[in-house]
Amino acid sequence: MAALAAALLAGPGIAQATPQTAAPAARAEVSAAATITWTLERAGNPTEDQRTAYDLITKAMNAAVARYNNLSDLGKTITVRYDPGVPTADGNINGTIRFGNRSYMNERTALHEIAHTIGVGTSSGWSRLGGSGTWTGAQATALVRQFDGGSAKISTGGGHFWPYGLNYDNEFSNTAADRHVQIVAAMVRDGL
């Protein structure tokens, strides 16, 4: 299995969230534990820079997708690209994530960008429920109050939310990451 994963990551095509038991097709997609899947677009003959980026992105995306799939029933097919011209990373509701700067190729960033592909800061539901500066959806609000007390709220602005939006590396912990996924799932139930 390890040899298959190593061959898959070294060859042309795409990296996958989980390796297949049979030889992969040039552009096959693989489901993780639940319903979020991802592929990494790779150069046919990658440079050392690209190989290093691909390894970091693969580790980050595998961890983030596993967390989303273990803690939610959200579904999305995501295409990931390494783009050195991107200053940090970005995610789009069309299902694309681009990683640029190496310091952002981590699980925290991958979780955050997956949320953008699901609709955080990118959907009409976001504008309707979070456009006032405070998330108004009942389920996500109830959840943050369960976590942080009866007066807690989810603040919104610039396409982001807090607490638990994982907007900066210093916000990451396993507890915060789990709560991030749970809040995003609750936002979807609210109509994100």
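**A walk outward from helix α3**

Let's start in the middle of things: all the residues of α3, 12 of the 12, are buried, so this helix is largely enclosed by the rest of the structure. Please keep in mind as we go that this is a predicted model. The buried residues of α3 include Glu107, Arg108, His112, Glu113 and His116, alongside others such as Leu111, Ile114 and Ile118. From its first C-alpha to its last, α3 reaches 16 Å with its 12 residues, close to the 16 Å expected at 1.5 Å a residue.

Now step back to see the whole chain. It has 6 helices and 7 strands, and along the sequence they follow the pattern α-β-β-α-β-β-β-α-α-α-β-β-α. Of its 192 residues, 47% count as buried. If you take the contacts with a separation of 6 or more, 55% of them join residues 24 or more positions apart.

Back to α3, which also has a part in the largest pocket. This helix gives 5 residues to the pocket lining, the largest share. The space in the pocket comes to about 200 Å³. Among the residues that line it are Arg108, Thr109, His112, Glu113 and His116, together with Thr88, Ala89, Tyr104, His160, Asn167 and Tyr168. Sorted by class, the lining has 6 polar, 3 nonpolar and 2 charged residues.

What about the nonpolar side chains? In soluble globular proteins, nonpolar side chains tend to be buried together. Here the largest nonpolar core has 46 residues, and those that touch the most other members are Met61, Tyr68, Ile114, Ile183 and Met187. Two or more residues of this core come from each of β2 (35-41), α2, β3 (75-82), β5 (96-99), α3, α4, α5 and α6.

Two of the helices on that list deserve a visit of their own. Helix α2 has 24 residues and reaches 35 Å from its first C-alpha to its last, close to the 34 Å expected at 1.5 Å a residue. Among its buried residues are Ile57, Met61, Ala64, Val65 and Tyr68.

Helix α6 (residues 174-190) has 17 residues that should span 24 Å at 1.5 Å a residue, and its end C-alpha atoms are indeed 24 Å apart. Its buried residues include Ala176, His180, Ile183, Val184, Met187 and Asp190. An α-helix has 3.6 residues a turn, so residues three or four places apart point the same way. The buried residues of α6 pack against α2 (48-71), α3 (107-118), α4 (124-130), α5 (138-148) and β7 (160-162). Ile183 gives a close-up of this packing: not counting residues up to four places away in sequence, it touches Ala140, Leu143, Val144, Phe147, Ile154, Phe161, Pro163 and Tyr164. Just after α6, Gly191 takes a positive phi of about 120 degrees.

Our last stop is Thr156, found in strand β6 (residues 155-157). Is this residue buried or exposed? At 8% relative accessibility, Thr156 counts as buried, because the cut-off for buried is under 20%. Leaving aside neighbours within four places in sequence, Thr156 is in contact with Trp126, Gly130, Gly133, Thr134, Trp135, Phe161 and Trp162. The C-alpha atoms of Thr156 and Gly121 are separated by 8.7 Å, although these residues are 35 apart along the chain.

Conventions:
Residues are numbered from 1 along each chain as its sequence is written. This is a predicted model: local features need pLDDT of at least 70, side-chain atom pairs count only at pLDDT 80 or more; totals for chains, interfaces and linings use all residues. Side-chain values use heavy atoms; hydrogens and water are left out. Helices (H or I, at least four residues) and strands (E, at least two) are DSSP runs, numbered from the N terminus. The expected span of a helix is 1.5 Å times one less than its number of residues. Buried means under 20% relative accessible area, exposed over 50%, partly exposed in between (1.4 Å probe, protein chains only). Contact means heavy atoms within 4.5 Å. On a 1 Å grid over the protein atoms alone, a cavity is a set of points where a 1.4 Å probe fits but cannot get out, and a pocket is an open set with protein on both sides within 12 Å along at least five of seven lines; lining residues have an atom within 4 Å of a point. Grid points are joined across faces, edges and corners, and a volume is the space filled by probe spheres set on the points. Ala, Val, Leu, Ile, Met, Phe, Trp, Tyr, Cys and Pro count as nonpolar, Asp, Glu, Lys and Arg as charged, and the others, Gly among them, as polar. A nonpolar core is a set of buried Ala, Val, Leu, Ile, Met, Phe, Trp, Tyr and Cys residues joined through side-chain atoms within 4.5 Å.
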